[in-house]
Amino acid sequence: MLYQAYQGQRDLTAPVRALAGLAMWTLGELPGSWTDNRLARQMSAGYEIIERSRLTHERPPFRIPSVIVGGEEMAVREEIAVATPFSSLLHFAKEVAEPQPTVLLVTALAGHFSTLLRATVRSLLPDHDVYVTDWHNARDVGLEHGSFGLDDYIAQVIAYLEYIGPGAHVVAVCQPCPATLAATALMAASGNPAQPRSLTLMAGPVDTRINPTKVNELAHSKPLPWFERNVITTVPLRYPGALRRVYPGFLQVAGFVSMNLERHVRQHMSLYKHLVYGDEEAAAQIADFYDEYFAVLDIAAEFYLETIDRVFQRELLAKGAFTWRGQLVELGAITRTGLLTVEGALDDVCGAGQTMAAHELCTGIKPRKKQHHLQAGVGHYGVFSGSKWERQIYPIVRNFILANQ
């Protein structure tokens, strides 16, 4: 009944949010001589805060119409290269004079849409031919399409690399680091010509025994059946994925918000003040972030439970016991792929050292093809977005890809 209770709460509060939106629109339509005062601005700001107090379940647009390449503005076309029930492979196509290194950006299936990495995509685009994994909301996938587990995720990454073809580079952010590392090892072991030239792992839980965070402690705090009983629910009948068992995105976001509740409250107070005082740029920056942060997707129960079990509780990849469809994944089989790991010193989701552990596990990669970067002064999201990502981390990623081209 968990999802039904959530849906009921949304249905009950929808009229309040709609009325707040109508009131905000009405104030905006009044003559400026009536609304250019502190009281009107306070009312409008309050209505906007109420109207925004909701989650959405549709993927926001990437909104990257163009980028600057070599000093010239280039149009960008967002195309679906491959479509499957549980994901799509997006291609951000542009017309350039010289071929650029091809990059597959592997995004997390962890409650948010791939657009959470919009800043990452925008940074990569001027220098690379970019593909992105775009995972679908499980509540919109009918039961006739079957289940989707961790092994299926790995298979999808391999299939996308095969579609792109030999010579690609992979950048994996956060949760998909173990799965992407496993996919690379499987391709290397089979001699797959599409195995990537370089693999960049950013803030991902390769070995969660190192410097555990609250996220890791939660995963170990309860046995797997507890998670199945308490956080897995079924999709209501009104959606295409009716009766599919899922880990709902609203629970994931609630968990993340609770980890930094005071910060989120302060941000919304700042949003209110910026709206009252007419600081549109600062208000838009906060509003845009929360429009993205509060856009959530549901995760297939199989994938969620298998990730908790195999990655976080039993740490199979780090122990050399991870299997894919019955086949042992041997990280030592990776020899041709360069390995870069990136971590944030203040990361409270994936502790420093958990991603770097990949270097010790990948014994077949020569030291000259390995590199690690620990970024001072950033938390989890600062690893792949924000000023330090753009100015300090991205140049390292770009240069590593070029060095392995």
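Start by selecting Leu-22, which sits in helix H1, spanning residues 2-29. The model on screen is a predicted one. Leu-22 counts as partly exposed because its relative accessibility is 48%. Add Leu-19 and Trp-25 to the selection: together with Leu-22 they make a nonpolar surface patch of about 370 Å².

Next, go to Arg-63. Look for this residue in the loop that runs between helix H3 (38-51) and strand E1 (66-69). Its phi is near 55°, a positive value in a residue other than glycine. Most residues other than glycine have a negative phi. With a relative accessibility of 49%, Arg-63 is classed as partly exposed.

Now select Asn-211, in the loop between strand E8 (198-202) and helix H7 (214-221). Asn-211 is not a glycine either, yet has a positive phi of about 45°. The relative accessible area of Asn-211 is 45%, so this residue is partly exposed.

The last stop is Glu-343, in strand E14 (residues 338-344). Is Glu-343 buried or exposed? Glu-343 is buried, and has no salt bridge. Show Arg-209 as well: it is the nearest side chain of opposite charge, and lies 13 Å away from Glu-343. Then display Thr-355, whose backbone nitrogen is 2.8 Å from a polar atom of the Glu-343 side chain. To see the surroundings, select the residues that Glu-343 touches beyond four places in sequence, among them Gly-351, Gln-354, Thr-355, Met-356, His-372, His-373, Leu-374 and Val-383.

Notes:
Residues are numbered from 1 along each chain as its sequence is written. This is a predicted model: local features need pLDDT of at least 70, side-chain atom pairs count only at pLDDT 80 or more; totals for chains, interfaces and linings use all residues. Side-chain values use heavy atoms; hydrogens and water are left out. Helices (H or I, at least four residues) and strands (E, at least two) are DSSP runs, numbered from the N terminus. Buried means under 20% relative accessible area, exposed over 50%, partly exposed in between (1.4 Å probe, protein chains only). Lys and Arg count as positive and Asp and Glu as negative; His and the chain ends are not counted. A salt bridge is a side-chain nitrogen of Lys or Arg within 4 Å of a carboxyl oxygen of Asp or Glu. A polar contact is a pair of N or O atoms within 3.5 Å; within protein, one must be able to donate a hydrogen and the other to accept it, and residues adjacent in sequence count only if both atoms are side-chain atoms. Contact means heavy atoms within 4.5 Å. Patches are made of residues with over 30% relative accessible area and no salt bridge: like charges are joined within 9 Å, nonpolar side chains (Val, Leu, Ile, Met, Phe, Trp, Tyr) within 5 Å. Accessible areas come from the Shrake-Rupley method with a 1.4 Å probe; for residues, only the protein chains shown count as cover.
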